[in-house]
Number of protein chains: 2
Amino acid sequence: MSHTLGIRQAQKQKTRQAFLDAALALLEEQSLSSLGLREVTRAVGVAPTAFYRHFRSTADLGVALVDEALGSLHPMVRTTVSTAGDSEERITRAIELIAHHVDSHPAHVRFIARERHGGVQPVREAIQSQLARFAEEVKAELAKDPQAEGWSDDDLLMLAHLYVDQMLITASLFLETLEGSEDERERVSQIATRQMRLISIGRRHWLD
Amino acid sequence: MSHTLGIRQAQKQKTRQAFLDAALALLEEQSLSSLGLREVTRAVGVAPTAFYRHFRSTADLGVALVDEALGSLHPMVRTTVSTAGDSEERITRAIELIAHHVDSHPAHVRFIARERHGGVQPVREAIQSQLARFAEEVKAELAKDPQAEGWSDDDLLMLAHLYVDQMLITASLFLETLEGSEDERERVSQIATRQMRLISIGRRHWLD
DNA sequence: AATTCCAGAGAACAGTTGTTAACTGGATGA
DNA sequence: TCATCCAGTTAACAACTGTTCTCTGGAATT
């Protein structure tokens, strides 16, 4: 299926990726709505006008960054929720996965947390839509669990949203401890674990 | 205690408030890190240099906005948590209070949601610190409840954080439905209510 | 080999930005 | 009444912004 790209297309994709990388780096210390087009081209090392060969605007670039940051995350979320083991094991594993993902892609996590409620509408919408997809996928996995018997569709979706939001809160907490001590990270891990545990308990007794 | 201000001081405070109001309005469609000083002065109708009589920078103005948006909210949060009635009544009342607050101060809510993870460090820190205060206050109220018997301090604080985060998530959801239909708002209300209910159930069975 | 294509360069545009310095005129306190 | 104070003004600064049009040179196609 995969077609070998010509030299030209390959170079273009390489430059495009350079734009995404440079923008992501610049966005660690500001919001997308203040990111200038020239600022990005300067960081990449190309002429300002080259920008237009790849993106219509910085908002457009932002939407591409949303895809890069969240697009490849769906399989991970699905398998995390559906992983075998008892409730406690799954919680531990989920928290570990989040911590690891924040460690390896801190700029992506920061970007999503920042722009989820940020000042650029198309980017906000792109994030919301991806998060809604996450919730739907989590819901689908939850529905397979025997624990979900007797649950209405609405309730499954509300629980899925709770999990997705909790995932983001936890990721953002880990992000804040990135330059902190091991103790801090351990403390965040404990809080997040207990919050997930409390939600799981609520889930178990929901139908009482 | 309150000292009557002279004409001069009164005028200054009036102008300062005009700055805060104008900035808040401009921030509905962008982030603080892209808010220009001249942009604000233009909206207020004063010369650019007048800005410096009130704020060192736009970041400084942002911190003042955090105080305005969250400073007066502490009593409300305290009483909401400590209100009498059974669990279900308290949840309904809390959600109603949030919905009402979003209705009457939408720009404040948007500002907090946006800048909580925004690109301006001092503002982020100001928000974090206020939210930490909220959590401490909620924890103090929770500790008074007979249900809290046998709970460790750590667990009370983790539950308090869960409530505070849930409050923000709900507020932000209501914000998105502000220009939507009554049905949408009702749906958000239902989801938020059930999520709070699930957390309450988890809380009740925590010590099992 | 000749032609078309197109990512990126270069120059120029009118507007914008934050910050400085020196000012004005009405409120304030002696 | 007179000197002091200070919120807001005016003018000017170099630096920056997004966008347009024109051009170039190597890859792609015929």
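The exercises below, each with a worked solution, deal with a predicted model of protein chains and DNA strands.

**Exercise 1. The make-up of chain A**

Describe which elements chain A contains and how much of the chain is buried.

Solution. Begin with the elements: chain A has nine helices and zero strands, so that reading from the N terminus gives the order α-α-α-α-α-α-α-α-α. Next take the dimensions, for which the C-alpha trace of chain A spans about 65 × 45 × 30 Å along its principal axes. Then turn to burial, where 48% of the 208 residues of chain A count as buried. Finally, consider the contacts in chain A with a separation of 6 or more, of which 67% are accounted for by residues 24 or more positions apart.

**Exercise 2. A helix and its cover**

Find out how the reach of helix α3 of chain B compares with the expected span, and state what covers its buried residues.

Solution. Helix α3 of chain B takes in residues 58-70, which makes 13 residues, and its reach of 18 Å from the first C-alpha to the last is close to the 18 Å expected at 1.5 Å a residue. The buried residues of this helix are Ala59(B), Leu61(B), Gly62(B), Ala64(B), Leu65(B), Val66(B), Ala69(B) and Leu70(B). When reading such a list, remember that an α-helix has 3.6 residues a turn, so residues three or four places apart point the same way. The last step is to look at the cover, which includes α1 (7-26), α4 (74-82), α6 (106-115) and α7 (121-144) of chain B.

**Exercise 3. An arginine in a loop**

Decide whether Arg116(B) is buried or exposed, and identify the side chain with which its own side chain makes a polar contact.

Solution. First locate the residue: Arg116(B) is found in the loop between α6 and α7 of chain B. Its relative accessible area is 16%, and because buried means under 20%, Arg116(B) counts as buried. The side chain of Arg116(B) makes a polar contact of 3.1 Å with the side chain of Asp165(B). Leaving aside residues up to four places away in sequence, Arg116(B) touches Asp165(B) and also Arg124(B), Ile127(B), Gln128(B), Leu131(B) and Leu168(B).

**Exercise 4. The surface near DNA strand C**

Work out which residues come nearest to DNA strand C, and which parts of the strand are approached by Ile7(B), by Arg8(B) and by Arg42(B).

Solution. Of the 19 residues around DNA strand C, the nearest are Arg8(A), Thr15(A), Ala47(A), His54(A) and Arg38(B). Sugar and phosphate make up 46% of the atoms of this strand that come within 4 Å of the protein. Now take the atom pairs one by one: a polar backbone atom of Ile7(B) is 2.9 Å from a phosphate oxygen, a polar side-chain atom of Arg8(B) lies 3.0 Å from a base nitrogen, and an N or O atom in the side chain of Arg42(B) is 2.7 Å from a phosphate oxygen. By class, the surface has six nonpolar, six polar and seven charged residues.

**Exercise 5. The surface near DNA strand D**

Name the helices that each supply at least two residues of the surface near DNA strand D, and describe the atom pairs formed by Leu37(A), Thr15(B) and Arg53(B).

Solution. The helices are α1 and α2 (37-44) of chain A together with α1 of chain B. A polar backbone atom of Leu37(A) is 2.6 Å from a phosphate oxygen of DNA strand D, while a polar side-chain atom of Thr15(B) lies 2.4 Å from a phosphate oxygen. For Arg53(B), an N or O atom in the side chain is 2.6 Å from a base oxygen.

Technical notes
Residues are numbered from 1 along each chain as its sequence is written. Chains are lettered from A and ligands numbered from 1 in the order in which they are written. This is a predicted model: local features need pLDDT of at least 70, side-chain atom pairs count only at pLDDT 80 or more; totals for chains, interfaces and linings use all residues. Side-chain values use heavy atoms; hydrogens and water are left out. Helices (H or I, at least four residues) and strands (E, at least two) are DSSP runs, numbered from the N terminus. The expected span of a helix is 1.5 Å times one less than its number of residues. Buried means under 20% relative accessible area, exposed over 50%, partly exposed in between (1.4 Å probe, protein chains only). Contact means heavy atoms within 4.5 Å. A residue is near a molecule or strand if one of its heavy atoms lies within 4 Å of it. A polar contact is a pair of N or O atoms within 3.5 Å; within protein, one must be able to donate a hydrogen and the other to accept it, and residues adjacent in sequence count only if both atoms are side-chain atoms. Ala, Val, Leu, Ile, Met, Phe, Trp, Tyr, Cys and Pro count as nonpolar, Asp, Glu, Lys and Arg as charged, and the others, Gly among them, as polar.
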